[in-house]
Amino acid sequence: MLFVNYPKCSTCRKAKNWLDEHDFEYESKHIVDDNPTSEELRKWWEMSDLPLKRFFNTSGMKYRELKLKDKLPDMSEDEQLDLLATDGMLVKRPILVNDDTVLVGFKVKEWEEKLL
């Protein structure tokens, strides 16, 4: 299991604690120091069945700075994935990747349903 996170993020810390409390083994990946590539993001997005916008950190400063709310609708999927790959702070976190499951963000109920 791959746990993509930003250690300073309180939601990521809650997700990590949840994983540890439930004795999950995982590899941790720092989303800023080791930003996912557009290929990784595409694979995760396709596995997730989520809209691509869910992979954007829409509450982040970088998202607002770049005025992405207005720009994303006019961008192709490839352009959006390439943009996400440029800066880990643009990516919604945490992301948990398992063999057949990708979870974006941390919602206890969703994680319990998918993982327990």
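Asparagine 5 sits opposite histidine 30 of strand β2, at least in this predicted model. That pairing belongs to a parallel match-up of β1 with β2 (residues 27-30), held by 4 bridges. From there, here's a quick tour of the strands, the cores and one helix.

**Around β1**
- β1 also pairs with β3, this time antiparallel, over 3 bridges.
- In β3, isoleucine 95 is the residue opposite valine 4.
- Leu2 and Val4 point one way from β1, Phe3 and Asn5 point the other way, and all are buried.
- Put β1, helix α1 (residues 10-21) and β2 together and you get a right-handed β-α-β unit.

**The nonpolar cores**
- The largest nonpolar core has 25 residues, and Trp44, Phe55, Phe56, Leu68, Leu84, Ile95 and Val102 touch the most other members.
- At least two residues of this core come from each of β1 (2-5), α2, α5, β3 (95-97) and β4 (102-104).
- Setting aside residues up to four places away in sequence, tryptophan 44 touches Leu2, Val4, Pro36, Phe55, Ile95, Val97 and Val102.
- Another core, of 10 residues, lies apart from the largest one, and Phe3, Trp18, Leu19 and Leu103 are among its members.
- As a rule, nonpolar side chains in soluble globular proteins tend to be buried together.

**Helix α5**
- In α5 (residues 77-84), the buried residues are Gln80, Leu81, Leu83 and Leu84.
- Looking down the axis of α5, those buried residues fall within an arc of 160 degrees, so they line one face of the helix.
- Their cover includes α2 (38-48) and α4 (68-71).

Key: Residues numbered from 1 in each chain as written. Predicted model: local features only at pLDDT ≥ 70, side-chain atom pairs only at ≥ 80, totals over all residues. Heavy atoms only, no water. Buried < 20%, exposed > 50% of the residue type's maximum accessible area, 1.4 Å probe, protein only. Arc of directions from axis to C-beta. Contact = heavy atoms within 4.5 Å. Core = buried A, V, L, I, M, F, W, Y, C linked by side-chain atoms within 4.5 Å. Pairing = 2+ DSSP bridges. Right-handed = clockwise from strand over helix to strand, strands pointing away.
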